[in-house]
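Student: Hey, can we go through this one together? I'd like to get how the pieces fit.

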Amino acid sequence: MALTTLDPITALIIVDLQSGIVGLPLIHPVTDVVTRSCALAAAFRRHRLPVVLVNVDGTAPGRTERPRPGGPFPDGWTDLIPELDRQPDDIVVTKRTWGAFANTDLEKQLKARGVTQVVVTGVATGTGVESTARQAYEAGFNVTLAIDAMTDARPEAHDYSIANVFPRLGETGATQSIIDLLERTHAHA
């Protein structure tokens with residue numbers, strides 16, 4: 001689905017651009033994902049729209065067949081990268097599951113600000129980004145995905161999410177197209 005509109009109060013959600021993740025092997029250059037996510041954050045902030053910075057610290061309880069290797073996270077692993085230029089008005093969410101809405105107050109914070117739509121970027125496409133987008137959709141938000149501002153360690157997961165899942169959750173588009181649409185629809189702000 002092509003980009004059609006951004007609601008008057010749309011929030012940007014940047015998933016897991018943190019010290020411990022940006023250094024992992026990913027299929028696209030993480031610098032491109034960071035640059036595009038930061039460009040979106042700057043545009044949203046210019047229009048005084050909410051920016052959500054998400055990091056992950058831990059995992060959900062329960063048994064899995066493939067537990068996270070390596071034991072506890074090293075010091076600094078959860079630190080948001082400085083390029084995000086965290087601002088006092090940004091919403092910061094620490095999650096312990098794949099999605100940013102589960103077991104956090106993100107939905108409540110967004111709805112209290114009148115948010116009806118979210119734009120999602122970050123790492124990893126098939127886990128953190130997809131889960132956050134699914135949870136946003138299930139919570140009743142319109143969802144837009146900046147497909148050139150995300151990446152994954154697994155090409156098949158990235159490609160599957162973009163081709164098969166995201167079009168069923170909302171609209172997809174390139175970062176610049178989203179910024180252009182934001183500028184057109186929020187010119188008065």
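**Helix packing and a ring pair**

Tutor: Sure. This is a predicted model, and in it helices H2 and H6 pack at an angle of about 5 degrees, with their axes 10 Å apart.

Student: So are H2 and H6 roughly parallel or roughly antiparallel?

Tutor: Roughly parallel, because angles under 35 degrees count that way.

Student: Which residues make that contact?

Tutor: From H2 you have Arg 36, Ala 39, Leu 40, Ala 43, Phe 44 and Arg 46. H6 brings Thr 175, Ile 178, Ile 179, Leu 182 and Glu 183. By type, the contact has seven nonpolar residues, three charged and one polar.

Student: Ok, and which residues of H6 are buried?

Tutor: Thr 175, Ile 178, Ile 179, Leu 181 and Leu 182. They sit on the same side of H6, because they cover an arc of only 160 degrees around the axis.

Student: Why would residues a few places apart point the same way?

Tutor: An α-helix has 3.6 residues a turn, so residues three or four places apart point the same way.

Student: What do the buried residues of H6 pack against?

Tutor: Helix H2, plus strands S4, S5 and S6.

Student: New topic: how many aromatic pairs are there?

Tutor: One. Phe 101 and Phe 141 form a tilted pair, 5.9 Å centre to centre with 40 degrees between the planes.

Student: Where are those two in the chain?

Tutor: Phe 101 is in the loop between S3 and H3, and Phe 141 is in the loop between H4 and S5. They're 40 residues apart, so the pair links distant parts of the chain.

Student: Buried or exposed, those two Phe residues?

Tutor: Both Phe 101 and Phe 141 are buried.

Conventions: Residues numbered from 1 in each chain as written. Predicted model: local features only at pLDDT ≥ 70, side-chain atom pairs only at ≥ 80, totals over all residues. Heavy atoms only, no water. Buried < 20%, exposed > 50% of the residue type's maximum accessible area, 1.4 Å probe, protein only. Helix = DSSP H or I, 4+ residues; strand = E, 2+ residues; numbered from the N terminus. Arc of directions from axis to C-beta. Contact = heavy atoms within 4.5 Å. Axes fitted to C-alpha atoms, helices over the stretch in contact; angles between N-to-C directions. Parallel < 35°, antiparallel > 145°, perpendicular 65-115°, else oblique. Nonpolar A, V, L, I, M, F, W, Y, C, P; charged D, E, K, R; others polar. Phe/Tyr/Trp six-rings, centres within 6.5 Å; stacked < 30°, edge-to-face > 60°.
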